[in-house]
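Please follow this account with the sequence and the three-dimensional view side by side. It proceeds through aromatic residues, strands and cores in turn.

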Amino acid sequence: MNVLGIDIGGSGIKGAPVDTKAGELLEDRLRIPTPEPSSPDAVAHVVASIVEHFGWKGRVGVTFPGVVADGVIRSAANVDRSWIGVDAARLFGGATVLNDADAAGLAEMRFGEGRDRRGVVLVLTFGTGIGSALFVDGVLVPNTELGHLEVHGKDAEHRASARVREEHDLSWEKWAGRVQEYLRHVEMLFSPSLIVIGGGVSKKADKFLPHVSLDTPVVPAGLQNEAGIIGAAHAAATPAKTPGRTRASSRA
């Protein structure tokens, strides 16, 4: 089944049609900057523009950077707080809506580095914030939001996100030290068998992962920054199998 996947982030909104059997984009993705302020109506306009750009009439999956429960937004750390309490599934015309990191994790577990992995696998996305997807024997524990764990009295994402590296002009090595500090914390809490690093920085893993040393294997995401789009589409194609899912329909 081909599904349109749309990935809402703090800095950009990306979408493309996806072959959900192969886990591949069918066309070049379209990226539009996240509007400021990132209100529900403004973001919904961008989502509608992406649907229109591809002339899409089929199923649509959409990610959101926060807790999503039955299509309703419960947290909004990196977008406008007016999202809290919004029925995003209804706003997007009945699309399947899920947490952005959960979507990326689903894609990695189905098509990427987590494929056929048992035990505890943790997928972490480093971007505007730090997203997390936790899997136990391939089953997703939704909405973990581990980027908000405290490290030195601050949300971890306020110390170690990709945005922090850019804003403070940190060298890759210095930023890797912060990432390692955070990873050791989640390693201690969850004893994972594998940690997968996603988000835009996964394309530059050679610049920082050599400076990260853990007992747990740490690898860059196989799908890199396309994982959210692919995971959103995959969730819409198989909504009954997606924990924390919401309803899907034929349009957005």
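In this predicted model, W175 has a relative accessibility of 0% and therefore counts as buried, the limit being under 20%. F126, at 1% relative accessibility, counts as buried as well. The search for aromatic pairs covers the whole structure and yields seven of them. A pair of aromatic rings is described by the distance of the centres and the angle of the planes. The rings of F64 and W83 have centres 4.8 Å apart and planes at 50 degrees; because an angle over 60 degrees would be needed for edge-to-face and one under 30 for stacked, this pair is tilted. F64 belongs to strand β5, whereas W83 is in the loop between β7 (72-73) and α2, so the pair ties together parts that lie 19 residues apart in sequence. W83 has a relative accessible area of 0% and is therefore buried. F64 likewise counts as buried, because its relative accessibility is 0%. F126 and W175, by contrast in geometry, make an edge-to-face pair, with 5.9 Å from centre to centre and 85 degrees between the planes. This pair links distant parts of the chain, since F126 is in strand β9 and W175 in helix α6, 49 residues apart.The pair of F126 and W175 belongs to one aromatic cluster, formed by F126, W172, W175, Y182 and F208. Within this cluster, F208 is located in helix α7 (residues 205-208). At 1% relative accessibility, F208 counts as buried. Leaving aside residues up to four places away in sequence, F208 touches W172, W175, A176, I197 and V201. The C-alpha atoms of F208 and W172 are 5.5 Å apart in space, although the two residues are 36 apart in sequence. W172 also meets a charge: the charged end of R165 sits over the ring of W172, 3.8 Å from its centre.

Strand β9, which contains F126, is part of an open sheet. Five strands form this sheet in the order β11-β10-β9-β14-β15, with mixed pairing. Which strands stand at the edges? They are β11 (139-141) and β15 (218-220); each has a single partner strand, so one side of each is left without a neighbour in the sheet. From one strand to the next, the twist averages 25 degrees. Strands of a sheet pair through backbone hydrogen bonds, either parallel or antiparallel. Strand β9 (residues 120-126) and strand β10 (residues 130-136) are antiparallel and pair over seven bridges. In this pairing, L124 stands opposite S132 in β10.

Helices pack on this sheet. Helix α3 touches β9, β10, β11 and β14 (194-198), and its direction makes about 45 degrees with that of β10. Helix α6 (residues 172-190) lies across β9, β10, β14 and β15 and runs at about 150 degrees to β9.

The loop between β9 and β10 holds T128. Is T128 buried or exposed? With 17% relative accessibility, T128 counts as buried, because the limit is under 20%. The contacts of T128, not counting residues up to four places away in sequence, are G10, S11, N78, S161 and R163.

Attention now turns to β5, the strand of F64. Five of the five residues of β5 are buried, so this strand is largely enclosed by the rest of the structure. Both of its faces are covered: V60, V62 and F64 are buried on one side, and G61 and T63 are buried on the other. β5 runs parallel to β1, and four bridges join the two strands. I6 has V62 as its bridge partner in β5. β5 also pairs in the parallel sense with strand β8 (residues 96-99), again over four bridges. There, G61 stands opposite T96 in β8.

Several of these residues recur in the nonpolar cores. The largest nonpolar core has 39 residues, and those with the most contacts inside it are I6, V62, F64, W83, F92 and V97. Among the elements that give two or more residues to this core are β1 (2-8), β2 (12-19), α1 (40-53) and β5 (60-64), as well as α3 (100-111) and α8 (227-237). Apart from this core lies another, of 27 residues, including A162, Y182, L183 and I197. Y182 is also a member of the aromatic cluster described above, and I197 is one of the residues touched by F208. Returning to F64, its contacts beyond four places in sequence are I73, S75, A76, V79, W83, V97, L98, N99 and D100.

Conventions. Residues are numbered from 1 along each chain as its sequence is written. This is a predicted model: local features need pLDDT of at least 70, side-chain atom pairs count only at pLDDT 80 or more; totals for chains, interfaces and linings use all residues. Side-chain values use heavy atoms; hydrogens and water are left out. A nonpolar core is a set of buried Ala, Val, Leu, Ile, Met, Phe, Trp, Tyr and Cys residues joined through side-chain atoms within 4.5 Å. Buried means under 20% relative accessible area, exposed over 50%, partly exposed in between (1.4 Å probe, protein chains only). Contact means heavy atoms within 4.5 Å. Two strands pair if DSSP finds at least two bridges between them. Axes are lines fitted to C-alpha atoms, for helices over the stretch in contact, and angles run from 0 to 180 degrees between N-to-C directions. Rings of Phe, Tyr and Trp (its six-membered ring) pair if their centres lie within 6.5 Å; planes under 30 degrees apart count as stacked, over 60 as edge-to-face and the rest as tilted. A charge sits over a ring if NZ of Lys or CZ of Arg is within 6 Å of the ring centre and within 35 degrees of the ring normal.
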